[in-house]
Amino acid sequence: SAIRSEAITAHYGKNGRNIWAYLHMNADGYSIVVGDEPSAADGLQTDLAKHCHVALLGLLFEFNKSTLRTESDPVLERVRAMMGQDTALHAEIQGHTDNVGTPEYNQTLSEARAAAVVRWLTAHGVKSDRLLAKGYGLTAPIADNRTDEGRAANRRVEIARPGCISKLGPQRT
């Protein structure tokens, strides 16, 4: 018989809160991860200054599409607020995918998702000349694509400071 793997993701994003819960069940049992992201743009700005790029956890797209789901609004609001606080900040919005599908398909999807985030931000007051959308497809994984958890981590959008150098070395821009 086949081993089933199931995952449930839950999100609460109201009243300044951004709480995520991830429940994964497989043959070995259950794993639960819960995170409460800081609501202030200051935390995002600090992480971006320190690490040069930050995954925007909580951005949700329609399956296999670049259409942002409304549950993404709290995360996008944090980015918008950060860009409003630091009017000199220019940022690259980076789309990333897992390795399911062809490299060409993943490249196109990552570009479209990054562009969707830029469109949302510009529609909400961030000047377009401060943002660049770039897709990296499946070329920059941060986790093992052989597991559900790894593939989920690799499907992400990041915000990056072009030309930034962290302690880990130059940022990929």
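The paragraphs below lead through a predicted model, beginning with an open sheet and moving on to a nonpolar core.

Four strands make up the open sheet, and following them across gives the order 4-7-5-6, with mixed pairing. Strand 4 (53–55) and strand 6 (131–135) each have a single partner strand and stand at the edges, so one side of each is left without a neighbour in the sheet. From one strand to the next, the twist averages 20°. At one of these edges, strand 4 pairs with strand 7 in the antiparallel sense, over three bridges, and within these strands Val54 stands opposite Ile159.

Against this sheet one can place helix 3, which lies across strand 5, strand 6 and strand 7 and runs at about 160° to strand 6.

Which residues have the most contacts inside the largest nonpolar core? They are Ile93 and Ile159, in a core of 24 residues. At least two residues of this core come from each of helix 1 (41–51), helix 2 (73–85), strand 5 (91–96), helix 3 (103–123) and strand 7 (156–160), and helix 3 gives the most, with six residues. In soluble globular proteins, nonpolar side chains tend to be buried together.

The surroundings of Ile93 can be followed residue by residue: with its neighbours within four places in sequence left aside, Ile93 is in contact with Ala114, Val117, Val118 and Leu121, with Leu131, Leu132, Ala133 and Lys134, and with Val157, Glu158 and Ile159. Ile159 therefore appears twice in this picture, as a contact of Ile93 and as the residue opposite Val54.

Methods: Residues are numbered from 1 along each chain as its sequence is written. This is a predicted model: local features need pLDDT of at least 70, side-chain atom pairs count only at pLDDT 80 or more; totals for chains, interfaces and linings use all residues. Side-chain values use heavy atoms; hydrogens and water are left out. A nonpolar core is a set of buried Ala, Val, Leu, Ile, Met, Phe, Trp, Tyr and Cys residues joined through side-chain atoms within 4.5 Å. Buried means under 20% relative accessible area, exposed over 50%, partly exposed in between (1.4 Å probe, protein chains only). Contact means heavy atoms within 4.5 Å. Two strands pair if DSSP finds at least two bridges between them. Axes are lines fitted to C-alpha atoms, for helices over the stretch in contact, and angles run from 0 to 180 degrees between N-to-C directions.
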